[in-house]
Amino acid sequence: MLRGLLPKEGAFFDYFDQLMDINKNISRTFLEMVEGKQSFESASTSIKKMERDADRISRVCLDLLHRTFITPIDRDDIFNLVKCLDGFADNINSSAYRFANYGVEEVRNETFEFAKVIIAAVDALDVAMHGLKNIKKNDQVMREKCVLIHDLEDESDEINRKAVAALFSQNDVMMLLKWKSIFERMERAVDRLNHAANIIETVIIEQS
């Protein structure tokens, strides 16, 4: 009966690792898709499967959170970090779905740069998330990775602004709607990573 009340510090970090592994695979599959190394349909199917795995792991982690009395970091921070990681997978899945089902025939140039920014932000967040296991030892590199993620989020905003502006400079309304929807989900995915970086910075301050 008391088992659920005992501290399970390692379990939360294990779930973070699993979610980050999924998000790294999702971001790389997405890049392969836009580079033409995988078909839209095949990549979208793979990403959807990984997104469902992320949903399942998130549910298990949050269920454990509700049943655990003592947590290694603030329980609200754990909850919000899980939501950010799951939200990233959701948004990339939504974007990939649109490639496969909205009749995209040619990938716009901004997409390649956007996808590479996403991978760089995911890799930086992966390092920062791993650092949570020993914040006192890893705080400096964690801060540096969080700053990098903020910079990448600014870069993604700029890519999105230019991409949408280019869409409004042409006369194909359907293309505008289609690509604006895709770019919005890519930007939201990076926003989720940036929000996770904000949470990690808060955790560092709380535990310093």
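A: Let's begin with a term: two residues are in contact when heavy atoms lie within 4.5 Å. Keep in mind as we go that this model is predicted.

Q: Thanks! With that term in hand, what share of the contacts between residues at least 6 apart in sequence join residues at least 24 apart?

A: In this protein chain the share is 83%.

Q: Which secondary structure elements make up the chain, and in what pattern do they follow one another?

A: The count is six helices and zero strands. Going along the sequence, you read α-α-α-α-α-α.

Q: How do I judge the radius of gyration of the chain?

A: Hold it against what a compact globule with this number of residues would have. For 208 residues that is near 17 Å, and the protein chain has 18 Å, so the two agree. You can also look at the box filled by the C-alpha atoms, which is roughly 65 × 35 × 25 Å along the principal axes.

Q: What can I say about surface and burial for the chain as a whole?

A: The accessible surface comes to about 10,400 Å², and carbon and sulfur atoms account for 50% of that. Among the 208 residues, 50% are buried.

Q: How do I decide whether a single residue such as Val-122 is buried or exposed?

A: Compare its relative accessible area with the cut-off: buried means under 20%. Val-122 has 0%, so it counts as buried. You will find Val-122 in helix α4, which spans residues 109-131.

Q: Which residues does Val-122 touch, leaving aside neighbours within four places in sequence?

A: Its contacts are Met-20, Asn-23, Lys-24, Ser-27, Phe-88 and Leu-193. For a distance to check on your screen, try Val-122 and Val-190: they are 68 residues apart in sequence, and their C-alpha atoms are 8.5 Å apart in space.

Q: Where is Asn-93, and is it buried or exposed?

A: Asn-93 sits in helix α3, residues 75-101. Its relative accessible area is 15%, so Asn-93 is buried. Beyond residues up to four places away in sequence, Asn-93 touches Ser-44, Ile-47, Lys-48 and Glu-51.

Q: Last topic: how are pockets found, and what is the volume of the largest pocket here?

A: The general idea is that rolling a probe the size of a water molecule over the atoms shows where empty space is left. In this structure the largest pocket has a volume of about 170 Å³.

Q: Which residues line the largest pocket?

A: The lining consists of Gly-103, Val-104, Glu-105, Glu-106, Arg-108, Asp-172, Met-174, Met-175, Lys-178 and Trp-179. By type, they divide into four nonpolar, one polar and five charged residues.

Definitions and conventions: Residues numbered from 1 in each chain as written. Predicted model: local features only at pLDDT ≥ 70, side-chain atom pairs only at ≥ 80, totals over all residues. Heavy atoms only, no water. Helix = DSSP H or I, 4+ residues; strand = E, 2+ residues; numbered from the N terminus. Buried < 20%, exposed > 50% of the residue type's maximum accessible area, 1.4 Å probe, protein only. 1 Å grid on protein atoms, 1.4 Å probe; cavity = no way out; pocket = protein on both sides within 12 Å on 5 of 7 lines; lining within 4 Å. Points joined across faces, edges and corners; volume = space filled by probe spheres on them. Nonpolar A, V, L, I, M, F, W, Y, C, P; charged D, E, K, R; others polar. Rg over C-alpha atoms; globule rule 2.2 N^0.38 Å. Areas by Shrake-Rupley, 256 points an atom, 1.4 Å probe, with all protein chains shown as cover.
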